[in-house]
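Trainee: I am new to this structure and would like a close look at a single part, the place where the two chains meet. Could you take me through that part carefully and then set it in its surroundings?

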Amino acid sequence: MTIAAGIGYALLALGPSLSLFVSVISKKPFLILTVLSSTLLWLISLIVLSGLWRGFLPLNSTTWWPYGLLLFTSIAFQEGLRLLFWRVYRRLEDLLDAFADKVSKPRLFMTDKMQISLAGGLGHGVAHAVFFCLSLLTPAFGPATFFVDRCSQIPFFLVSAIIALAFVTIHTFSMVIAFNGYAEGNKMDQLFVPVVHLAAGLVTLVNFASGGCIVSIPLLYFIAILTLIYCGKMVWRRLTEHQSTQGNS
Amino acid sequence: MAPNARPRSILESLGEEIIRIITPVSLCMLLVVILVSVLNTDSSSSYSASATSIATIAYSESSSDSSWDKFLGALLNSLVFVAVVTLVTFLLVLLFYFRCTKFLKYYMGFSSFVVLGFMGGEIAVFLIEKYSIPIDCITFLVVLFNFAVVGVLAVFMTKIAIIVTQGYLVLIGMLVAYWFTLLPEWTTWVLLVAMALYDLAAVLLPVGPLRLLVELAISRDEDIPALVYEARPVNGNDSGSTGGVPQRRVWRDRRGEDSVNGSNHNSNGNSVSGENVNPESNSILNATAVPDSDSDSNSVVIGHTDTSLVRAEEGRVPERDAELSAPLIGGRMNIPPHQPEDDASGESLMLEGIGLGSSGAIKLGLGDFIFYSVLVGRAAMYDFMTVYACYLAIIAGLGVTLMLLALYQKALPALPVSIALGVLFYLLTRFLLEVFVVQCSFNLLMF
C-alpha cells in the first residue's frame, strides 16, 4: 500500500494510544518506563506462547477448533501474567512509597496509581498493535495491497488495524480495572477482565466464517466500549469516594 | 474539596535520567532503521561486496557458502577485528599514560570530521541518488563541509549548546552504525557477540585495557578524551554547569569503578579511519557530578538524590543532603558508607534502581549507541517484527545494566547484557514468533 495509506492504517490502530501517550504519559518519565516494561512483558508472553505452539504450526486453516484452543491457552497465559504483573507492581508500590517517605514527599496518590496501571495497560495494548498489526504493515509498502479471502471487502491491513484498535482499548482499560480490582479485592472487577479478554478473543474466531468480519468487528467494538464504560464508572466511583473521604477527614 | 496546589508527587520526576538516556539511544536506532530500510532494499548485495574493511579482511562472505563455512569465516573476521581493537585500545592506554592528551583530542576531532564529512557525505550521495534530489556539487560540498566543521566544534568544545552536541553525537553514532550494517550478515552477528565478550573482558579483567584506562584517569583526576554522550543533568544546571561552575569529575575513591566502560571501539572501518569513535567511547557510563554541591540546595530537589553515583575523593565531597537519596530497591538499603565524609553515601543511587544522582549527568559512550544500532539495523534487514523485539530487548538490557551499575558500584560493561538480550530476542522472534503471529493474523485471529 502507499505510504499515505500505511500511515493511515498505523494511526488508526495506534492514534488514540499516541494521544494518550502524549497527553498523559510523556509528562512523567516513570510512566514511560512502565509502558516500556509492560510492552516487553507482553512480548515475552507472546514469545513463550509461540514457543509452546511452534510445533503445531502451521495449523490447518479450515477448521477452527485448534485455533480456539490456541486462543484459550494464550489468553489464560496472559491473564496469569497479569496477576504476576500485579504482584510486581505491589512490590514496586511499596518501594516507591518508602522512597517518597525518604525524600519527604507525599506518597503515591490514588490517581498516580491509576496512571501507573493505565500506563501498564497502554504498554500491553501498544504491544498488541505493534506485533499483530504494525509489523505486518511496515514491510508492505509498495504498489499493491492485500486482501484476505474471508473478509474480502476491505484490505487486510485495514481490517487488522480496526481490530487492533479495539484490542488496544480493551487492553489499556482492562489493566486499570484489574489493578483496581486486585487492590480493592473486588471480585467483580477481577473476573470482568479475563472474561472480557476471552470474549474478545473468541469473537475474533467468528472471522473464520466467510464474511465473518462483518459480525465480529461490531461485536468486538461493543466489548471495547463496554470495557471503556465499565472502567469509566469504576474510576468515577473511586474518585468520588476518595473525594468524600478527603472532604470528611 | 480537592486541594488546588497539590504537592508534587514523586511520579512527576522519577526516572527522568533514564529517559534522558533512552531517548537518544532510541533516536539513533530509529534513524539507522530508517536509513537501512530506505537504502538497502535494492542494493544489499552490491554494497556489502564493496564494503571491505578490517572486519572482512579474513573472509568475505558469499551466499553460496554453506552455513558452517559462513560461521567459521565470520568467526575469523570477528577475531581479527577484536584483536585490532584490543591493540588500538592498548595503544590508547599507552598514549594516555604518557600524557599525550592533546594528540588524542586532535585525533578525536579529526575522526569526527572524517566520519561526518566522508561517511556522512557518502550516505548523502546515496540518498541523493535514490531520491533524485536536484543539487549541484558545489552547494553540496559547501554544505557538507560546514556540517562537518560544526560537528567537530560541537564535539570538541563545551561551550556549544548541549542539544547541538547531543545531536551531532547521535548523528555520528548513526553514520558509523550504518556502515557496520553493510557487513555481511553472519559477520555482523558474530562480531556483535565478539565485541560484547571483549567488552566484558576489557572492563572486568584486571588486565583489561579499559579498566587500566579508567584507573589512570581516576588516579589523575582527568577527563578521558573520548566521544561520550552526556545526558543533560536533570537539575537544569546544564548550561550553567559547563559555563559557570567548573565541572567536577568526582570519582569514587575506590578503584574507580563508577564508569561503565565499554569496549573500545576503534573500528577501522572501511575507508575511513573509522575509529573515530574512539576508544572507550564505548559504553562508558559515568555519572559526573555536576557541581551542585556549591549550591547545596537540599531537599528541594525533587525526588533526586544529590549524591551521585560517582563519589568524590577525600575532601571534595558534596555536602549532599542525607535524606535525599533513598534506595528504591530493597536490598540497597544498607550500602555501607565507604567514604567517611559522606553520609549520603549510603543512599545515593537508586532512583528506581538506576540510581544516578540528579546532579550527575549520565554519560554513555558512543560505541554503545553504535553497536545497539547495528543490532537493530541488522534486524531491520530481516523484518520489522525483529526490529521491535530487538528494540525492546536492548532497552531492557540498558535498564538492567544501569541497575547493575547502581548495585555493584563498579565499572561494568554496557554491551553484554543488551547485545545478549538483543541477539536472543532476534533469534526467538525470527524462528518462533513470526510464524505464530503471521498465522494468527492472517486468519484475523487476535488476542
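**The interface and its surroundings**

Mentor: Before we begin, please keep in mind that this is a predicted model. Let us start with chain A, for which an unreviewed UniProt entry lists "transmembrane region" at residues 6-25, 30-52, 64-85, 116-137, 157-179, 191-209 and 215-236. The span 215-236 of chain A is 100% helix and 0% strand, with its end C-alpha atoms 32 Å apart, while residues 191-209 of chain A are 79% helix and 0% strand, and their end C-alpha atoms lie 29 Å apart. For chain B, the unreviewed UniProt entry gives the "transmembrane region" label to residues 21-39, 71-97, 106-127, 133-153, 160-180, 186-207, 388-408 and 414-438. One of these, 106-127 of chain B, is 100% helix and 0% strand and has 30 Å between its end C-alpha atoms, and another, 160-180 of chain B, is 90% helix and 0% strand with a separation of 29 Å between its end C-alpha atoms.

With the two chains introduced, we can turn to the part you asked about. Here 59 residues of chain B are in contact with 71 residues of chain A. The size of an interface is often given as the accessible area lost when the parts come together. By that reckoning chain B and chain A bury about 5600 Å² between them, and 77% of this area is on carbon and sulfur atoms. Across the interface of chain B and chain A there are zero salt bridges, but eight residue pairs, with both residues at pLDDT 80 or more, are in polar contact there. On the side of chain B that touches chain A, the elements that give two or more residues are helix H1 (16-50), helix H11 (384-408) and helix H12 (415-442) of chain B. The largest share of that side, 14 residues, comes from H12(B). Sorted by character, the residues of the side of chain B that touches chain A are 42 nonpolar, ten polar and seven charged.

It also helps to look at links found elsewhere in the model. Although the interface has zero salt bridges, the structure holds ten over all chains. Among them is the pair Glu79(A) and Arg82(A), whose side chains meet at 3.0 Å, N to O; because these residues are three apart in helix H3 (residues 65-102) of chain A, about one helical turn separates Glu79(A) from Arg82(A).

Finally, there is one disulfide over all chains, and this disulfide joins Cys151(A) to Cys213(A), with an S to S distance of 1.7 Å. The torsion about the S-S bond of Cys151(A) and Cys213(A) is about 90 degrees, so the disulfide is right-handed. The pair links distant parts of the chain, 62 residues apart, with Cys151(A) in the loop between helix H4 (110-137) and helix H5 (156-184) of chain A and Cys213(A) in helix H7 (residues 213-248) of chain A.

Conventions
Residues are numbered from 1 along each chain as its sequence is written. Chains are lettered from A and ligands numbered from 1 in the order in which they are written. This is a predicted model: local features need pLDDT of at least 70, side-chain atom pairs count only at pLDDT 80 or more; totals for chains, interfaces and linings use all residues. Side-chain values use heavy atoms; hydrogens and water are left out. UniProt positions are given in the numbering used here, feature names are shortened, and annotations may be inferred rather than shown by experiment. Helices (H or I, at least four residues) and strands (E, at least two) are DSSP runs, numbered from the N terminus. Contact means heavy atoms within 4.5 Å. Buried area is the accessible area (1.4 Å probe) that two parts lose on being put together, summed over both. A salt bridge is a side-chain nitrogen of Lys or Arg within 4 Å of a carboxyl oxygen of Asp or Glu. A polar contact is a pair of N or O atoms within 3.5 Å; within protein, one must be able to donate a hydrogen and the other to accept it, and residues adjacent in sequence count only if both atoms are side-chain atoms. Ala, Val, Leu, Ile, Met, Phe, Trp, Tyr, Cys and Pro count as nonpolar, Asp, Glu, Lys and Arg as charged, and the others, Gly among them, as polar. A disulfide is a pair of cysteine sulfur atoms within 2.5 Å.
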